[in-house]
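Student: I would like to learn how to read individual features in a structure file. Could we go through some cases?

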Amino acid sequence: MAWGGGGYGPGGGGFHGGPGAGTATGLPFEGIPPERQAGVDRILADEPDHAEPTVSFTHRPAPGSDRRLTLWMLLTRYPGRMAAAGLLVVVTALSAQAGPKLTGLAIDKGMLPGHHHMGTVVVIAGLYLLALVATALAQRSQVRVSGRLAAWVMNDLRVKIFTHLQRLSLDFYTEEKAGVIMSRMTSDIENLQQLLQDGLAQFAVQGLTMVVITAVLFTMNVRLALVTVVLVVPILTLMSMWFRRASEQGYDKVRDGIANVLSDLSESLHGVRVVAAHNRQRHNVVHHRNVVGRYRAANYYTAEINAIYGPGTQLLGILGQAVLLAIGGDMVVHHQLTLGTLVAFLLYLSRFFQPIQLLVQQYNLYQQGQASINKLRGLLDVQPSVTEVPGALELPPIKGSISFERVSFAYEPGLEVLHDVDILIRPGETVAFVGPTGAGKSTLAKLVTRFYDPTAGRVLIDQHDLRGVTLSSLRRQLGVVPQEPFLFAGAVRDNVAFARADASDAEVEQAVRAVGLDEVVDRLPLGLDTLVHERGQTLSSGERQLIALARAFLAQPRVLVLDEATSNLDLQSETRIEHALDVLLAGRTAILIAHRLSTARKADRIVVIDGGRVVEAGTHDELVTAGGRYAEMYDTWATQGAIGQGAGPEVAGNGLQR
Ligand code: ADP
């Protein structure tokens, strides 16, 4: 049930979030068909130049970001457009309400017995037409201006959030599911977009229309206006309050309903093999039928309340008109009111109800927008946990010694996973970390790249405490090769040059040759320009690793952190990767999280880690002679390895497993 549930937070209506929503890389671009090229050229010719903005990036909170996100703050960044939209809203609301007043005038001045005056009627009809045209024009501009305003505001907001996401530290990404972030960026932003695009302007127009109509009624005849207000407004207010509450509940249920339908669907799609293997199809259909049924019931409910409120207010309007006709008619007969004014009154009354209905019905939109703003504000309020201190040093070119000094670390307060670790790695040395799964090897590596800061103790590179240097100067000199390399959509060449976008083609090719990726590239249809699809799923895992190694080689970092892949490779890939590692590690300081003893054995030194502590350290020979944990592991491996394949079993699968 709970699959990706976080992606469909209440109020978010997350139709697009959920796991995997971010994996789509889209269709490959096939180029512009020749028959369309001329059109494209024409459009490009008068397209203004959108220069690449220069982004200065810091890992400190951006100055001025202490202002919390509100709709108002987003809008006031465009005061000109705001003012224009406001003005147009006023013009629309005023000009649209000229009609009834003009009709009344035409009756009084041109149609009544004794006042027959065709010329007046024609002039007033002309004015009516003018007012209509003015309304239409003002409306058109208003929709356009507020649409553009909304487009800019959404643009800013998207960039702001994306930039914020880039700045956040890694602890955020493990805690928060990708699905939730996706739903923030899709459904929440869409809610806001809807609200901004027509919601807000509509609210303003409708609200203003009500004020204008009320004012006009009072200027025409105070007594009749008072009667109208007393008659209609209290009942209408009560009905609207009821509807607002009921529909809020209704739409909450609808949102939860669709979220459940989608998560149930997603779960059964992801688990389709398990479902088939266990013959659970029937059960699933029954379950889905129930989930869909609850959604249907929620929709039923909202249809019901809409059916009461809409026709109900209409009925109220008609009743009001009937009463007004009686009272007003009496006033006309007694010459207290002109016929034209009565007609105008009746016409205005019918127009009075529409804005209220619209306002109440769109209140939902406003609420959703507000809920979305609140959620986005929560996201923007998350501060990076790894920050640069003010006045952080640029790390000078390093020699590459790394030391952990009495380092302790906890991901969650109170749950320490590293205890008092002391390790010294000399420049140019390759140190393998070995130990069972969950021992803390990757955590140690993450402290070197400063994805996290130690809870106690220090991590130093060349005697510089990592907390005192800028993140960019540190990471520029570090290379990281993760266990499962991530390939981005684009050419193989771009993926190799990922860490150094300015690298020349010759440099890329040199890196490719150095790690032995050239044999692989030669077999690809377009060589280095072959596009990587779906995060490299069309490449074998060995090929992906080679690309990652070439990427690290090109960056030429002084210090390398390598997480050895656990996936089993065929012997040929294995050899190729071992060769690439030899090339890559030569002359660099390296931390190698080793999952195979065959790799660990080749390191200059081996550090055995278990339960967040260093258990022993030394060269392969020293440790074997010492007869400790490593020797025990090695024994198991050597005896089994003689039977099994050359690569031998994984460390984690043996000896040290708790
Ligand atoms: P290894 O690399 O040796 O397999 P790790 O360094 O990944 O071990 O993990 C060490 C311990 O920290 C484990 O108990 C693991 O469950 C915990 N851990 C790892 N990552 C996180 C995280 N992001 N949040 C909380 N605990 C974590």
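Tutor: What follows is a set of short readings, taken from a predicted model.

Student: Let us begin with aromatic contacts. How many aromatic pairs does a search of the whole structure find?

Tutor: A pair of aromatic rings is described by the distance of the centres and the angle of the planes. The search of the whole structure gives twelve aromatic pairs. One of them is Tyr 78 with Trp 152, at 6.2 Å centre to centre and 35° between the planes, a tilted pair. Tyr 78 sits in the loop between helix 2 (71-75) and helix 3 (79-96), while Trp 152 sits in helix 5, so the pair ties together parts that are 74 residues apart in sequence.

Student: Is Tyr 78 buried or exposed?

Tutor: Tyr 78 is buried, at a relative accessible area of 18%. The cut-off for buried is under 20%. Its partner Trp 152 has 40% and is partly exposed. Elsewhere, Trp 242, Phe 243 and Tyr 309 make up one aromatic cluster.

Student: Next, salt bridges. How many does a search of the whole structure find?

Tutor: Side chains of opposite charge can pair when their charged atoms come close. Here the search yields 18 salt bridges. Take Arg 476 and Glu 394, whose closest N and O atoms are 3.4 Å apart. Arg 476 belongs to helix 13 (residues 471-476) and Glu 394 to the loop between helix 11 and strand 1 (402-412), so this pair ties together parts that are 82 residues apart in sequence. Arg 476 is exposed, with a relative accessible area of 55%.

Student: Which residue forms a salt bridge with Glu 405?

Tutor: Arg 458 does, with 3.0 Å between the closest N and O atoms. Glu 405 is in strand 1 and Arg 458 in strand 4 (residues 456-461), so parts that are 53 residues apart in sequence are tied together. Both ends are partly exposed: Glu 405 at 29% relative accessibility, Arg 458 at 36%.

Student: What about Glu 519 and Arg 576?

Tutor: Their side chains meet in a salt bridge, 3.4 Å from N to O. The pair links distant parts of the chain, with Glu 519 in helix 16 (residues 518-523) and Arg 576 in helix 18 (residues 571-585), 57 residues apart. Glu 519 is partly exposed at 44%, whereas Arg 576 is buried at 14%. There is also a network of salt bridges with shared partners, joining Arg 426, Glu 429 and Arg 605.

Student: Now the surface. Which residues gather in a patch of positive charge?

Tutor: Arg 81, Arg 140, Arg 144 and Arg 148 do. Helix 5 (residues 118-167) gives the largest share, three residues. Arg 148, in helix 5, is partly exposed at 48% relative accessibility.

Student: Which residues form a nonpolar patch on the surface?

Tutor: Leu 129, Leu 132, Val 133 and Leu 137 form one, with about 390 Å² of accessible area together. Leu 137 lies in helix 5 and counts as exposed at 52% relative accessibility.

Student: Last, the backbone. Where is His 335 placed?

Tutor: His 335 is in the loop between helix 10 (281-333) and helix 11 (339-381). Its phi is positive, about 55°, although His 335 is not a glycine. Gln 556 also has a positive phi, near 50°, and lies in the loop between helix 17 (541-555) and strand 9 (559-563). His 335 is exposed at 74% relative accessibility, and Gln 556 is partly exposed at 43%.

Methods:
Residues numbered from 1 in each chain as written. Predicted model: local features only at pLDDT ≥ 70, side-chain atom pairs only at ≥ 80, totals over all residues. Heavy atoms only, no water. Patch = residues over 30% accessible without salt bridge, like charges linked within 9 Å, V, L, I, M, F, W, Y side chains within 5 Å. Areas by Shrake-Rupley, 256 points an atom, 1.4 Å probe, with all protein chains shown as cover. Salt bridge = Lys/Arg side-chain N within 4 Å of Asp/Glu carboxyl O. Lys, Arg positive; Asp, Glu negative; His and termini not counted. Charge placed at Lys NZ, Arg CZ, Asp CG, Glu CD. Helix = DSSP H or I, 4+ residues; strand = E, 2+ residues; numbered from the N terminus. Buried < 20%, exposed > 50% of the residue type's maximum accessible area, 1.4 Å probe, protein only. Phe/Tyr/Trp six-rings, centres within 6.5 Å; stacked < 30°, edge-to-face > 60°.
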